[in-house]
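Okay, thanks everyone. I'll go through the overall picture, then zoom in on a couple of residues.

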Amino acid sequence: MNTIKNIKILLITLLVSQYVFSQSFFEDKAIQLGIFNSWNYDVKLGGVSFFDFDNDGWDDITTACKADRPVKFYKNVSGTFVEQNFNLTITGHSKQVLWVDYDNDGDNDLFVTKVDGANKLYQNNGSFSFVDVTASAGFPNTGSLKTYGAAFGDIDNDGYLDVFLCNKDDSNVIPNQLYRNNGNGTFTNISNSAGISSVGHLSFCASFFDYDKDGYQDIYISNDRLPNKNILYRNNGNGTFSDVSVASATNITANAMSTTIDDYNYDGWLDIYVTNTSEGNFLLKNNGNGTFTNQAVSTGTVFNSIGWGAIFFDADNDIDLDLYVSGMIDNPNIGLLTSAFYECQPNYTYTIPANAGFANDNYVSFSNAIGDIDNDGYTDFIVANQAPDNHSLWQNTGGTNNWLKVKLQGVQSNKNGIGSWIEVYANNKTMFRYTLCGEGFLSQNSGTEIFGIGNATTIDYVKVKWLSGVEDIYNNVSPNQTLLVIEGTSTLSLNEDDYRNIKIYPNPSTGIIYFSDVLETTEVLVYDYLGRRIETLNIDANLNQIDLSNYAKGVYLLDIKTKTKSFSKKVILE
């Protein structure tokens, strides 16, 4: 009996050891690949962007600056980086650098936040000749708002990106500000009419995301110092916002730094990771009912050090999201983490593997951002370190798992596709991404989303839901490629107006749901509120109903597919 028991223990040990992070290994290749960026020693809290600023298909790097050291631009040339100047010198104490096509003309413009002067908006004329349009666009061109973070989102779904500014004024005099994009190259400060607090909150960062999946972008703000609780603004859909921080349980008390948004457990609802000092980080799980629950301790991601930037990504492309956290401690001997790479386990808990390449990752570090250095489909990332250390560029050596990269181009929606949901189904797993501009801690991630799909040799479908309401669906997609999705151009693209004559009734229902105007055989995929497919049914002109009476009360999503079209409807069982 003891022999059998020992064999079982051995087998379990082998299985666990096989799950130790082994497919990918990270190496700091900053200097080898051309990233030379060491600031004056007193420089802290600098931002980074890992965004393809010239739209050539290679993720580039941009870093913030201080004093006479300018913002630096590094063009990715087939996997190595070459510094550019674009005849653009931006000095002073900048915090965040964001590439954004605010005028929807197909090229990326540059927005830079500063704490010692006016924020700057530079318009790209298409050939990387930049014009300072700060004043003409409607932003203050003198003085300082003490702006740290900026985030772009479309608050009214008009196809133009608006901007939220996090102003960190130590006297708490300068409030945060929301500027609406007027669609003609100008912005208007609508903070008061939109319901944004008129007092300061020592805000570091903010992100636009749709926490309640109502089709409108909400705002989450990370505030420094314990008296300044974090804020969640719900978008009311009419140009105003309501503070739902208390009702949603997102009003955490912390020295909060980051607003990292992702769906860490792939339940179809966006979660929030907030870094903190040694009291511990927060992983705010979205419960899908307007509330959040802190799962940092139970998931093993509490960190308990001095955290700053944080990024979710699938490091080994095994169909789950891993997590990296930058830290301000540079001495591992005092019992605090200097940084942490967390590998996701099958039950969405996290462990720190010993063999991922970060053994000497002992820097004073702040912002971080993800991209793909060599277009191999494996995620790499950059970390802004305090001098005298150079920044770190952690290159992923890759593995054997397959992947898909998805790049968006809006038509009715904003050109960058910000605020879109991307859903990928492969290997019997549904994965979600949500596109942002301004996230983490003063960072900008790649505009191309990477999905790891394990050993799957085909992707069942890719679905993109744009802020305009248009959906694009691709079936049977081949892996290991970049899929460019242009809004409204897929074979199964949908504008909900095309289906204004189709009715589903009754809704709410006790179980039997009828469909009107069904002209051809149509497939109905039924998903529960966690995004799990629970049934696939067929209807036609003769059989125009489905029976869900055996399922529990709640909210369900119906994906309705004809030969050429696809659309979704939400139904309630009561």
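Before I give you one of the numbers, a quick word on terms: by contact I mean heavy atoms within 4.5 Å. And keep in mind that this is a predicted model.

With that in hand, take the pairs in contact that sit at least 6 residues apart in the sequence of the protein chain: 55% of those contacts join residues at least 24 apart. The secondary structure comes to 43 strands and five helices.

What about overall dimensions? The C-alpha trace spans about 75 × 75 × 45 Å along its principal axes. The radius of gyration is 24 Å, and that agrees with a compact globule, because for 574 residues you'd expect a value near 25 Å. Of those 574 residues, 58% are buried. On the outside, we have an accessible surface of about 21900 Å², and carbon and sulfur atoms account for 50% of that.

Charges, briefly. There are 36 positive and 66 negative ones in the chain, and the mean positions of the two sets are 3 Å apart.

Okay, zooming in. My first stop is Asp376, in the loop that runs between strand 26, residues 365–371, and strand 27, residues 380–385. Asp376 has 24% relative accessibility, so it counts as partly exposed, given that the buried class stops at under 20%. What does its side chain do? A polar atom of the Asp376 side chain lies 3.0 Å from the backbone nitrogen of Tyr378. If you skip the neighbours within four places in sequence, Asp376 is in contact with Asn396 and Trp403. Trp403 is 27 residues away in sequence, with a C-alpha to C-alpha distance of 9.2 Å to Asp376.

Second stop: Lys405, which is in strand 29, residues 402–409. Is this lysine buried or exposed? At 4% relative accessibility, Lys405 counts as buried. So which side chains does the Lys405 side chain make polar contacts with? One is the side chain of Asp372, at 3.0 Å, and another is the side chain of Asn375, at 2.9 Å. Again leaving out neighbours within four places in sequence, the contacts of Lys405 include Asp372, Asn375 and Gly377. Also among them are Thr448, Glu449 and Ile450, and then Gln481, Thr482 and Leu483.

So, to put the two stops side by side: Asp376 is partly exposed, while Lys405 is buried. That's what I had; happy to rotate the model if anyone wants another look.

Note on methods. Residues numbered from 1 in each chain as written. Predicted model: local features only at pLDDT ≥ 70, side-chain atom pairs only at ≥ 80, totals over all residues. Heavy atoms only, no water. Helix = DSSP H or I, 4+ residues; strand = E, 2+ residues; numbered from the N terminus. Rg over C-alpha atoms; globule rule 2.2 N^0.38 Å. Buried < 20%, exposed > 50% of the residue type's maximum accessible area, 1.4 Å probe, protein only. Areas by Shrake-Rupley, 256 points an atom, 1.4 Å probe, with all protein chains shown as cover. Lys, Arg positive; Asp, Glu negative; His and termini not counted. Charge placed at Lys NZ, Arg CZ, Asp CG, Glu CD. Polar contact = N/O pair within 3.5 Å; in protein donor to acceptor, adjacent residues only side chain to side chain.
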